[in-house]
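Thanks for making the time this morning. I would like to walk through the ligand site in this model, starting from where the ligand is and then turning to what surrounds it.

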Amino acid sequence: MAERLQKVMAQAGVASRRASEKLIADGHVTVNGKKVTELGTKVEPHDHVEVNGEPIEGNEKLVYFLLNKPREVITAASDDKNRATVLDILSDVPQRVYPVGRLDYDTTGALLLTNDGALANQLMHPKFNIDKVYVAKVKGIPSNDDLKVLRLGVTVHTIENKRHKTYHAAPAKAEIESVDKEKQTAIVRLTIHEGRYHQVKEMLKAVGHPVLKLTREQYGMLDVANLAPGEYRELTYDEVKALKQGKQYRRSAGRL
Ligand code: URA
């Protein structure tokens, strides 16, 4: 439940409500890494509050998990169609974690979940440019020219919220991993740093190769090679540190 920031600070023993209001107004307080000076601000239990750079007491322990999201699970806290959610999979985790970004219902792969609002905001900011490696099974066999278009930045025409929309995707890394000439399908590895709705599916459709199956193999330096779909693990201290510092590395091979 959202609570007024000064109340949360007072409950955490920072100072009285009145004194907490002054700390806020004077710019000593950050929520999820952003300075807040407005007194009406409300915060959720998972928001990370710091006063003069120090986390306030009573804040939840910050936890970080990497899930290999299975198919037919939605990336949201709840669903009006009663479908399983990624939070159902992590129901044993006592902290209120939430997903960083999203994967489609039918997409599998690397999904980070945390209650660290500051890191989540940082990772989702377009400026942060975190690389995401997708492996897609596509219809047809993309030509070298198709790959070139993806590498230069393909133009996508799509419909979002019932409106036609055109955008230029940033240049992607695009490679063919294997082809099945008989079935006329191919496995394509695509590395992008943007995160638009259905972006990989739209990019591949734009070059004439609709996606049949999609998995996200890597999120920054995190990969799900050792996790079966539906499995998750806590990140190591070094992984969290590296994510915060924006470090990324890429593996060179993988399977859909
Ligand atoms: N791009 C997509 O099209 N779907 C996803 O789930 C993720 C990226």
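**The ligand site**

The ligand sits in the largest pocket, and I should say at the outset that what you have in front of you is a predicted model.

If we go around the ligand, the residues that surround it are Leu103, Asp104, Thr107, Tyr134, His198, Gln199, Val200, Lys201 and Leu214. Sorted by class, this shell has four nonpolar, three polar and two charged residues. Domain 2 (64–127 + 223–245) and domain 3 (131–218) each supply at least three residues of the shell, while the largest share from a helix, three residues, comes from helix 6 (residues 199–206).

Now, which atoms of the protein lie 2.7 Å, 3.2 Å and 3.1 Å from atoms of the ligand? For Asp104, a polar side-chain atom lies 2.7 Å from a nitrogen atom of the ligand. His198 instead places a backbone N or O atom 3.2 Å from an oxygen atom of the ligand, and at Val200 a polar backbone atom is 3.1 Å from a ligand nitrogen atom. Of the 230 Å² of accessible area that the ligand has on its own, the protein covers 96%.

Technical notes:
Residues are numbered from 1 along each chain as its sequence is written. This is a predicted model: local features need pLDDT of at least 70, side-chain atom pairs count only at pLDDT 80 or more; totals for chains, interfaces and linings use all residues. Side-chain values use heavy atoms; hydrogens and water are left out. A residue is near a molecule or strand if one of its heavy atoms lies within 4 Å of it. A polar contact is a pair of N or O atoms within 3.5 Å; within protein, one must be able to donate a hydrogen and the other to accept it, and residues adjacent in sequence count only if both atoms are side-chain atoms. Accessible areas come from the Shrake-Rupley method with a 1.4 Å probe; for residues, only the protein chains shown count as cover. On a 1 Å grid over the protein atoms alone, a cavity is a set of points where a 1.4 Å probe fits but cannot get out, and a pocket is an open set with protein on both sides within 12 Å along at least five of seven lines; lining residues have an atom within 4 Å of a point. A molecule sits in a cavity or pocket if more than half of its atoms lie within 2 Å of its grid points. Helices (H or I, at least four residues) and strands (E, at least two) are DSSP runs, numbered from the N terminus. Ala, Val, Leu, Ile, Met, Phe, Trp, Tyr, Cys and Pro count as nonpolar, Asp, Glu, Lys and Arg as charged, and the others, Gly among them, as polar. Domain bounds come from an automatic or database domain assignment.
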